[in-house]
Amino acid sequence: MTAHMRGILGWAAVAILALSAGLTAGEAVVPEQAAKDAAAKLVDGGRVARCILRATRAGEQVYALVMVDDNYRYSIVLGAEKGELIRFERANIESTRIPAGREDKAAEAKTTFAEARKIALDKAGAGEVVRVLKTVRRDGKTLYRVTVMAEDKWHRVDIDAVSGEVILASERNYRAGRDASDGQGRREGRRPRGRDAK
């Protein structure tokens with residue numbers, strides 16, 4: 001089934017769930033669980049890593065979901081009033097970015113992608129791995145940069161690809177869409193950039 005067909009079927013599933021919940025356009029939003037169920041129908045065997053209700057720049061309410069299966073990360077945006085599918089994107093979870101001239105350092109890695117995933121999940125405690133990037137830093141150290149998402153936070157874990165040792169582990173809480181920003185899409189504490197800078 002193509003992504004386009006999944007999109008059409010997903011929209012229909014969300015619309016049916018919204019109608020079965022007794023919602024009409026302009027009223028209350030589609031329940032979060034209904035949005036998760038509709039997204040799960042788009043991704044066979046997918047697991048929800050994150051679901052956030054937020055406002056777009058146009059002021060519309062949407063659910064932004066991140067789902068994963070064993071190989072891919074899916075970014076799904078569903079309209080919260082009507083349940084329409086707005087965006088469906090798929091990307092590989094595992095990727096490699098080795099700068100030119102550092103290929104020999106990358107070949108020294110003894111830790112595999114699967115081992116890096118396990119180490120990161122153990123360090124994070126819970127969640128879903130949504131990205132594993134194998135790269136070589138300027139100092140020549142080969143590492144895996146792993147991102148783990150849970151419902152309320154995301155974790156970044158950098159792992160030495162030779163020894164399997166955790167180099168860096170950090171976590172951040174999610175902020176609920178526009179509620180945590182200044183209404184212009186900028187996060188609190190961030191300096192305005194571009195045309196917004198005064």
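This passage walks through the fold of one protein chain, from its overall make-up to a few single residues. The model is a predicted one.

The protein chain contains 4 helices and 9 strands. Read from the N terminus on, the elements follow the order α-α-β-β-β-β-β-α-α-β-β-β-β. Of the 198 residues in the protein chain, 37% are buried. The accessible surface of the protein chain comes to about 11,600 Å², and carbon and sulfur atoms account for 48% of that area. Contacts across the sequence also help to describe the fold: among those in the protein chain between residues at least 6 apart in sequence, 44% join residues at least 24 apart.

A good place to begin is the sheet that includes β1. This is an open sheet of 4 strands in the order β1-β2-β3-β4, and the pairing is antiparallel. Its edge strands are β1 and β4 (85-92), each of which pairs on one side only. From one strand to the next, the twist averages 15°. Inside this sheet, β2 and strand β3 (residues 72-79) run antiparallel and are joined by 7 bridges. A single pair of residues shows how this looks up close: A64 is found opposite V77 in β3.

The next pair along, β3 and β4, is also antiparallel, with 7 bridges. Here S75 has E89 in β4 as its bridge partner. The two strands β3 and β4 make a hairpin with 5 residues between them, and in the turn G83 has a positive phi of about 85°. Helix α2 (residues 32-42) lies across β1, β2, β3 and β4, and runs at about 45° to β2.

Further along the chain come β7, β8 and β9. The strands β7 and β8 are paired in the antiparallel sense over 7 bridges, and R145 stands opposite D158 in β8. On to the next partner: β8 is joined by 7 bridges to strand β9 (residues 166-173), again running antiparallel. In this pairing W154 faces R172 in β9. A hairpin is formed by β8 and β9, with 5 residues between the strands, and G164 in its turn has a positive phi of about 80°.

Attention can now move to the interior. The largest nonpolar core has 20 residues, of which V132, Y144, V146 and I159 touch the most other members. Two or more residues of this core come from each of β1 (47-55), β2 (61-68), α4 (113-124), β6 (128-136), β7 (142-149) and β8 (153-160). Another core, of 15 residues, lies apart from it and includes V30, L65, M67 and A80.

What does I159 touch, not counting residues up to four places away in sequence? The list holds A116, I119, A120, T142, L143, Y144, V146, G164, E165, V166 and I167. Among these contacts, G164 is the glycine in the turn of the hairpin formed by β8 and β9.

Strand β8 also holds H155. Is H155 buried or exposed? H155 counts as buried because its relative accessibility is 8%, under the 20% limit used for that label. With neighbours within four places in sequence left aside, H155 is in contact with A124, A126, V146, T147, V148, S170 and E171. One of these contacts, V146, is also among the residues that touch the most other members of the largest nonpolar core.

The last residue to visit is R117, which lies in helix α4. R117 has a relative accessible area of 18% and is therefore buried, the cut-off being under 20%. Leaving out residues up to four places away in sequence, R117 touches D70, I93, E94, V129 and V132. Two of these contacts can be described in finer detail. A polar atom of the R117 side chain lies 3.1 Å from the backbone oxygen of D70. The side chains of R117 and E94 are joined by a polar contact of 3.4 Å. For a sense of spacing, R117 and V130 are 13 residues apart in sequence and 9.6 Å apart in space, C-alpha to C-alpha.

Definitions and conventions
Residues numbered from 1 in each chain as written. Predicted model: local features only at pLDDT ≥ 70, side-chain atom pairs only at ≥ 80, totals over all residues. Heavy atoms only, no water. Core = buried A, V, L, I, M, F, W, Y, C linked by side-chain atoms within 4.5 Å. Buried < 20%, exposed > 50% of the residue type's maximum accessible area, 1.4 Å probe, protein only. Contact = heavy atoms within 4.5 Å. Polar contact = N/O pair within 3.5 Å; in protein donor to acceptor, adjacent residues only side chain to side chain. Areas by Shrake-Rupley, 256 points an atom, 1.4 Å probe, with all protein chains shown as cover. Pairing = 2+ DSSP bridges. Axes fitted to C-alpha atoms, helices over the stretch in contact; angles between N-to-C directions.
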